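Colleague: Please walk me through one part of this model in detail, and set it in the context of the whole chain before you narrow down. I would like the reasoning spelled out where there is any.

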Amino acid sequence: MPCSSEALIGWINSRRSMGNLDMPAPTRAQIETAIECAATAPDHKKLRPWRFIVTQGDARHELGNALVEAAQAKADREGEELSEKNLKKTQTLPLRAPLIITVVTKMEAHKKVPPFEQMLSTGAAVQNLILALKSQGFSTVWRTGLLCNEPAVKAYFDVGPDDYVSAFVYTGTSPKDDPVRKPIDIEPLVRFES
Ligand SMILES: Cc1cc2nc3c(=O)[nH]c(=O)nc-3n(C[C@H](O)[C@H](O)[C@H](O)COP(=O)(O)O)c2cc1C
């Protein structure tokens, strides 16, 4: 154990999601370290259903274009009109952090591993990723938003119709201190049986 259990538990519980992140962003080596941690997530039959796409610099504008295309298609489908302001906001969503790690779930048809297990494994991978980034001094926020599984966004990430864009992990350095989390009363969440 690298540190005491008490210290480690306190550290896990201190994680907060932080928006509007700045540089510095993690280096490639730091990102790879975090993805190695993500890839140790519980994974029934070792399907490795997760993929990680790292978007930074000008590539964020291209992701913004895909989000705009998705927003437009969604609005057309739903018979809504998008304002210029709304389109501009959508275009600039990826600029809220210097780096985004998109986590995709590649669904595999498997007799013993139904889709929900593959999604849950992705959730575990994302949490490992977030904690590994935190351990290296970076802040994150896991976002999805209503556009993440629109066809234009799936096409951008080259994922199939049965696959999912499961997380945009916005990553960088927060100009603000992490707010202290209020203690969570777990009593209504738990039942012990013996
Ligand atoms: C699958 C998933 C998708 C999420 N999508 C969004 C999102 O699109 N926008 C957002 O503000 N928060 C989103 N959240 C919530 C934040 O990641 C975060 O958990 C929440 O703001 C609470 O903050 P905390 O992590 O500091 O407790 C999402 C969380 C999960 C698990």
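What percentage of the 194 residues in the protein chain do buried residues make up? With that as background, please look closely at strand E4 (residues 164-172) and at what surrounds it.

Modeller: Everything I say here refers to a predicted model. Buried residues make up 28% of the 194 residues in the protein chain, and against that background strand E4 stands out, because 9 of its 9 residues are buried and it is therefore largely enclosed by the rest of the structure.

To place the strand, it helps to begin with the overall layout. The protein chain has 6 helices and 4 strands, and read from the N terminus its elements follow the pattern α-α-β-α-α-β-α-β-α-β. The C-alpha atoms fill a box of roughly 55 × 45 × 40 Å along the principal axes. Of the contacts between residues at least 6 apart in sequence, 83% join residues that are at least 24 apart.

The 4 strands form an open sheet with antiparallel pairing, in the order E1-E2-E4-E3. Its edge strands are E1 (50-56) and E3, each of which pairs on one side only, and the twist from one strand to the next averages 20°. Helix H3 (residues 59-77) packs on this sheet by touching E1 and E2, its direction making about 115° with that of E1. Helix H5 (residues 115-135) also packs on the sheet, where it touches E1, E2, E3 and E4, and its direction makes about 5° with that of E4.

Within the sheet, E4 has a partner on either side, E2 and E3. Strand E2 (residues 99-105) runs antiparallel to E4 and is joined to it by 7 bridges, while E3 (residues 139-143), likewise antiparallel to E4, is joined to it by 5 bridges. Val169 of E4 gives a convenient point of reference across these three strands, since Ile101 stands opposite it and so does Trp142. As background, strands of a sheet pair through backbone hydrogen bonds, either parallel or antiparallel.

Another residue to follow is Ala167, which lies in strand E4. It has 27 other C-beta atoms within 10 Å and therefore counts as buried, the cut-off being 20 or more. Leaving aside residues up to four places away in sequence, Ala167 touches Thr102, Val103, Val126, Trp142 and Thr144. By contrast, Ala7, which is 160 residues from Ala167 along the chain, has its C-alpha atom 28 Å from that of Ala167.

Val126, one of the residues that Ala167 touches, leads to H5, where Val126 is itself buried together with Gln118, Ser121, Thr122, Ala125, Leu129, Ile130, Ala132 and Leu133. What covers the buried residues of H5 includes helix H2 (28-38) as well as E1, E2, E3 and E4. As for the geometry of this helix, its 21 residues should span 30 Å at 1.5 Å a residue, and because its end C-alpha atoms are 30 Å apart, the two values agree. Just after H5, Gly137 takes a positive phi of about 95°.

Trp142 and Thr144, which also touch Ala167, bring us to the ligand, around which the residues are Arg16, Ser17, Val141, Trp142, Arg143, Thr144 and Gly145. This shell divides into 2 nonpolar, 3 polar and 2 charged residues.

Finally, some backbone details deserve a check on the way to E4. Most residues other than glycine have a negative phi, and most peptide bonds are trans. In the loop between H6 (151-156) and E4 lies Asp158, which has a positive phi near 60° although it is not a glycine; because it has 10 other C-beta atoms within 10 Å, it is exposed. Arg48, found in the loop between H2 and E1, is also not a glycine and has a positive phi of about 50°; with 14 C-beta neighbours inside 10 Å, it therefore counts as partly exposed. The peptide bond from Met23 to Pro24 is cis, with omega near 0°, and Pro24 belongs to the loop between helix H1 (5-13) and H2.

Technical notes:
Residues numbered from 1 in each chain as written. Predicted model: local features only at pLDDT ≥ 70, side-chain atom pairs only at ≥ 80, totals over all residues. Buried ≥ 20, exposed ≤ 12 C-beta atoms within 10 Å, placed from the backbone. Helix = DSSP H or I, 4+ residues; strand = E, 2+ residues; numbered from the N terminus. Pairing = 2+ DSSP bridges. Axes fitted to C-alpha atoms, helices over the stretch in contact; angles between N-to-C directions. Contact = placed C-beta atoms within 7 Å. Expected span 1.5 Å × (residues − 1). Near = placed C-beta within 6 Å. Nonpolar A, V, L, I, M, F, W, Y, C, P; charged D, E, K, R; others polar.
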